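Hi,

Here is the structure I promised to send over. Have a look at it first, and then read on for what turned up.

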Amino acid sequence: MRRRTLVILLGVLALAGAALDAQVGWDRLRNARREPQNWMTYSGTLDGWRHSSLTQITPANAKDLEMKWVFQADSTEKLESSPLVVDGVMYVTQPPNDIIALDAKTGRVFWIYQYQVAPDARVCCGRINRGLAILGNTLFMGTIDAHLVAVDAKNGRLLWNTKIATAADGYAIAMAPLVVKDKVIVGTAGGEQGIIGFVAAFDAKTGKEAWRFNTIPGPGEPGHETWPGDTWEHGAGSLWVTGTYDPDLNLTYWGVGNPGPDWNPDVRKGDNLYTCSALALDPDTGELKWHFQFTPNDGMDWDSAQVPVLVDMTWDGAPRKLMLWANRNGFFYVLDRVTGRFVRGAPFVRQNWAAGLDENGRPIRLINTRVSAEGVLTYPNAQGGTNWFSPSWSPRTGLFYVGAWKEASALASSVPVEFVPGRGYTGGSPSTKMPNIRRPTINTWTEQAGHGEILALDPRTGKEKWAFVMHDVTDAGILTTASDVLFSGSREGYFMALDARTGAVLWKALTSGQISSGPISYEVDGKQYVAISAYHAVFAFGLR
């Protein structure tokens, strides 16, 4: 029997010290950097920096951090949610699609909204959700059965519920939405079920669709010629993480996932646009302004599922509007975000499939490196040099920070596959020693299987300034602060603070398990906090 949607109001609203009347207008979101006490979008600001201007926690006193509160989620699925904090209230999701409003100072629960997921939801990689967006007094959440819901931030009451695709066909939403002006923008997951992916914008007040951009072009559309026959009909091109926005250019940027089938590129010979690409879209109309494809005819599931990081910097003596992107294919790119033109690129992890990038940034593929029925050993493995977890940019150090998988390989082989709606459409599988998504209870791998590192990259050279080496690989995002502290986590469950200038360990604490989310920082009553979702709980830390 289908359970109805529940709202649990815990009767403490009137007593709450925090303000639940958020009123987060577009001007506040656009200028979020002016409010370092809050964290109002997935990446903190619309440019994707995941960087806090707060300075109370420093390299000198980080050793004095202690846990202030913990919220235990009512879910056996690991949390991948990055919370929002608005005027002392934290909004976070627990799997599969519940919203929790907490006192950001104490962890006290104000209300819980429980969404009933349809039984025909099909997700490839866990029943997870990565967060929320807010505008005015309304929270927005995508669901794993491909709905977009709007919830009153004051009390958790459902305002509207819009179905945007058919869950039984493999469509889902895992990302936190992005608000631009009066629209809520999301993209669909489902790349392993042969969907036709899309980015779509919805009116924030009504939930009515304003525009839709298909990431797999249909007949007559530019890019359709990169798909032979009818292969485009199951071309995938899903979206897994939240995009970014440049208000000066009025462009929103998104990363597109793998083509389908994942590991059988021979059945779809061609570049397979716009999979494994960066897109620049007009947020008012959905019109494509430019695209840049990182991995044409991908056969390794190297989604471009990364946050596009927007940086203004002097380049060759002139000011440039740039985009920084460490891609799953193992290369770190600098693009011109006005035009989409390639500026520079270099590997940031071991890779053995390309001789380099040509003058336009297209990979120069080596012979005998394409996935085949016989199998080919490939670096990086199918999880890539990095993946969906957030990088960070610090304007103080001028460095780009990314969680990387080093020395991880896979023997990838293809098999024939027939498309059946709603079923897996992968066409092969990669054999790898490194567990892909979850850390098992027993350590079954060795140093030879690969390891994780937090890298500090200089965008001008692509070279490492420093590397923090971990025993295990990482699924954790990175936060930097204006006091040169870097926060991140590990699959082993450690939440740590590093010196952003050197990579030296300043502090660490053991949480409840694998960390697969991005840290945030905020301030309440003059005290700085840093929070992280870890396994089945949310932790908040502050100075003693």
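Strands here are DSSP runs of E with at least two residues, and they are numbered from the N terminus. With that in hand, Asp525 is easy to place: this residue sits in the loop between strand 37 (520-524) and strand 38 (527-534). Please keep in mind that this is a predicted model.

Let me stay with Asp525 for a moment. Its phi is near 50°, a positive value in a residue other than glycine. Asp525 counts as exposed because its relative accessibility is 62%, and the cut-off for exposed is over 50%. Glu407 is another non-glycine residue with a positive phi, about 60° in this case. Glu407 is in the loop between strand 28 and strand 29, and with a relative accessible area of 35% it is partly exposed.

That loop also holds Ser409, between strand 28 (399-406) and strand 29 (410-414). Is Ser409 buried or exposed? Ser409 is buried, as its relative accessible area is 17% and buried means under 20%. Leaving out neighbours within four places in sequence, Ser409 is in contact with Leu377, Thr378, Tyr379, Asn381, Ser431 and Thr432.

Tyr379 comes up again in the backbone: the peptide bond from Tyr379 to Pro380 is cis, with omega near -5°. Pro380 belongs to the loop between strand 26 (376-378) and strand 27 (392-394). A cis peptide bond also joins Pro95 and Pro96, where omega is about -5°. You will find Pro96 in the loop between strand 5 (89-94) and strand 6 (98-103).

Next, the cysteines. How many disulfides does the structure hold? There is one, and it links Cys124 and Cys125, with the sulfur atoms 2.1 Å apart. The link of Cys124 and Cys125 is left-handed, at -75° about the S-S bond. Both partners can be checked for exposure: Cys124 is partly exposed at 32% relative accessibility, and Cys125 is partly exposed at 28%. Why does Cys276 have no bond to another cysteine? The closest cysteine sulfur, in Cys124, is 14 Å from the sulfur of Cys276, so the two are too far apart for a bond. Cys276 is buried, with a relative accessible area of 0%.

Cys125 also turns up in the largest pocket, whose volume is about 450 Å³. That pocket has 24 lining residues, and Cys125, Arg328, Gln383, Asn387 and Ile437 lie nearest its centre. Sorted by class, the lining has 11 nonpolar, four polar and nine charged residues.

The second largest pocket contains about 330 Å³ of space. It is lined by 19 residues, with Arg33, Asp47, Pro247, Asp312 and Arg337 closest to its centre. Helix 1 (26-30), strand 16 (244-246) and strand 20 (309-315) are the elements that give two or more residues to this lining. Strand 20 has the largest share, at three residues. By class, the lining of the second largest pocket splits into eight nonpolar, two polar and nine charged residues.

Now for the interior. In soluble globular proteins, nonpolar side chains tend to be buried together. In this model the largest nonpolar core has 65 residues, and Tyr91, Trp111 and Phe140 have the most contacts inside it. Strand 14 (residues 198-203) gives the most to this core, namely five residues. Which residues does Phe140 contact, leaving aside neighbours within four places in sequence? They are Leu132, Ala133, Ile134, Leu135, Val149, Ala150, Trp160, Pro177, Val179, Val184 and Ala204. Apart from this core lies another one, of 39 residues, among them Ile520, Val524, Val538 and Leu543.

One last residue to look at is Ala355, in strand 24 (residues 354-357). At 56% relative accessibility, Ala355 counts as exposed. Not counting residues up to four places away in sequence, Ala355 touches Ile364 and Leu366. From Ala355 to Ile367 it is 12 residues in sequence and 9.7 Å in space, C-alpha to C-alpha.

That's what I have for now. Happy browsing!

Technical notes:
Residues are numbered from 1 along each chain as its sequence is written. This is a predicted model: local features need pLDDT of at least 70, side-chain atom pairs count only at pLDDT 80 or more; totals for chains, interfaces and linings use all residues. Side-chain values use heavy atoms; hydrogens and water are left out. A nonpolar core is a set of buried Ala, Val, Leu, Ile, Met, Phe, Trp, Tyr and Cys residues joined through side-chain atoms within 4.5 Å. Buried means under 20% relative accessible area, exposed over 50%, partly exposed in between (1.4 Å probe, protein chains only). Helices (H or I, at least four residues) and strands (E, at least two) are DSSP runs, numbered from the N terminus. Contact means heavy atoms within 4.5 Å. On a 1 Å grid over the protein atoms alone, a cavity is a set of points where a 1.4 Å probe fits but cannot get out, and a pocket is an open set with protein on both sides within 12 Å along at least five of seven lines; lining residues have an atom within 4 Å of a point. Grid points are joined across faces, edges and corners, and a volume is the space filled by probe spheres set on the points. Ala, Val, Leu, Ile, Met, Phe, Trp, Tyr, Cys and Pro count as nonpolar, Asp, Glu, Lys and Arg as charged, and the others, Gly among them, as polar. A disulfide is a pair of cysteine sulfur atoms within 2.5 Å.
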